[in-house]
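Me: I should like to work through a protein model by question and answer. Please treat the topics one at a time, with the reasoning set out.

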Amino acid sequence: AGERVALVCYSRGLARYFQRVTATWKPKERPAYVGLFHQLPVQWGAAPAVDDSDDFEVRLPRELGELAALRPEAERFDSVVVDEGQDFSDSWWPALLAGQTDLF
């Protein structure tokens, strides 16, 4: 329907699987972003995480929210599909929602 969709997940194996599967779809049917939830802020300009839980649970979610606020509406997502949501810390949910278009 022309919507920008993000498909995010927690595990590397599942992210790679989603990337392989969606790469076979027609270009206009592919999600705008497919991958690890903590790679999205890196794609938008944040420094990559180090093996530090503060990076994954504090810095990257904060920076995703900050970077999302700077993105034009046309580069945000109409929908976000989260697989493995039980593995996301609570700090990621507001950050992911900040990356969505204005729903109201």
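Reply: Contact here means heavy atoms within 4.5 Å. The model is a predicted one.

Me: With that cut-off, which residues is Trp44 in contact with, leaving aside its neighbours within four places in sequence?
Reply: The criterion is a pair of heavy atoms within 4.5 Å. Once the neighbours within four places in sequence are set aside, the contacts of Trp44 are Leu64, Leu67, Ala68, Arg71, Glu75, Phe77 and Gly99.

Me: Which residues touch the most other members of the largest nonpolar core, and which element gives the most to this core?
Reply: The largest nonpolar core has 17 residues, and Trp44 and Leu64 touch the most other members. Two or more residues come from each of β1, α2 (40-43), α3 and α4. The element that gives the most, with four residues, is α3.

Me: How many residues are in the other core, which lies apart from the largest one?
Reply: Among the members of this other core are Leu7, Phe18, Val34 and Leu36. Its number of residues is six.

Me: In what order do the three strands of the open sheet stand?
Reply: Strands of a sheet pair through backbone hydrogen bonds, either parallel or antiparallel. In this open sheet the pairing is parallel. β2 (33-36) and β3 (79-82) each have a single partner strand and stand at the edges, so each has one side without a neighbour in the sheet. Neighbouring strands are turned by 15° against each other on average, direction ignored. The order is β2-β1-β3.

Me: How many bridges join β1 to β3, and which residue of β3 stands opposite Leu7?
Reply: Strand β1 covers residues 5-9 and runs parallel to β3, with four bridges joining them. Val5 has Ser79 as its bridge partner in β3. Opposite Leu7 in β3 stands Val81.

Me: Which residue in β2 is the bridge partner of Val8?
Reply: The pairing of β1 with β2 is parallel and extends over four bridges. Ala6 stands opposite Tyr33 of β2. For Val8, the bridge partner in β2 is Gly35.

Me: Why is β1 largely enclosed by the rest of the structure?
Reply: A residue counts as buried under 20% relative accessible area. β1 is largely enclosed because the number of its five residues that are buried is four.

Me: At about what angle does helix α1 run to β2?
Reply: Helix α1 comprises residues 12-22 and lies across β1 and β2. Together, β1, α1 and β2 make a right-handed β-α-β unit. The angle of α1 to β2 is about 160°.

Me: Is Asp55 buried or exposed?
Reply: Asp55 belongs to helix α3, which spans residues 53-70. The limit for a buried residue is under 20% relative accessible area. Asp55 has a value of 10%, and therefore counts as buried.

Me: What does the side chain of Asp55 reach at 2.8 Å, and with which side chain does it make a polar contact?
Reply: The side chain of Asp55 reaches the backbone nitrogen of Val50 at 2.8 Å. Leaving aside neighbours within four places in sequence, Asp55 is in contact with residues including Pro48, Ala49 and Pro61. The side chain with which Asp55 makes a polar contact, at 2.8 Å, is that of Arg59.

Me: What is the relative accessibility of Arg59?
Reply: Arg59 also has its place in helix α3. Apart from neighbours within four places in sequence, Arg59 is in contact with Ala46, Ala47, Pro48, Ala49 and Asp54. Arg59 counts as buried, because its relative accessibility is 15%.

Me: How far apart in space are Asp54 and Asp102, C-alpha to C-alpha?
Reply: Asp54 lies in helix α3 and is partly exposed, with a relative accessible area of 47%. Asp54 and Asp102 are 48 residues apart in sequence. Their C-alpha separation in space is 29 Å.

Me: What separates the C-alpha atoms of Pro72 and Pro48?
Reply: Pro72 is located in the loop between α3 and β3. With 44% relative accessibility, Pro72 is partly exposed. Along the chain, Pro72 and Pro48 are 24 residues apart, and their C-alpha atoms are separated by 22 Å.

Me: Near what value is the phi of Glu84?
Reply: Glu84 sits in the loop between β3 and α4 (92-98). Glu84 is buried, with a relative accessible area of 17%. Its phi is positive, in a residue other than glycine, and is near 65°.

Notes
Residues are numbered from 1 along each chain as its sequence is written. This is a predicted model: local features need pLDDT of at least 70, side-chain atom pairs count only at pLDDT 80 or more; totals for chains, interfaces and linings use all residues. Side-chain values use heavy atoms; hydrogens and water are left out. Buried means under 20% relative accessible area, exposed over 50%, partly exposed in between (1.4 Å probe, protein chains only). A polar contact is a pair of N or O atoms within 3.5 Å; within protein, one must be able to donate a hydrogen and the other to accept it, and residues adjacent in sequence count only if both atoms are side-chain atoms. Two strands pair if DSSP finds at least two bridges between them. Axes are lines fitted to C-alpha atoms, for helices over the stretch in contact, and angles run from 0 to 180 degrees between N-to-C directions. A crossover is right-handed if, with the strands pointing away from the viewer, the path from the first strand over the helix to the second runs clockwise. A nonpolar core is a set of buried Ala, Val, Leu, Ile, Met, Phe, Trp, Tyr and Cys residues joined through side-chain atoms within 4.5 Å.
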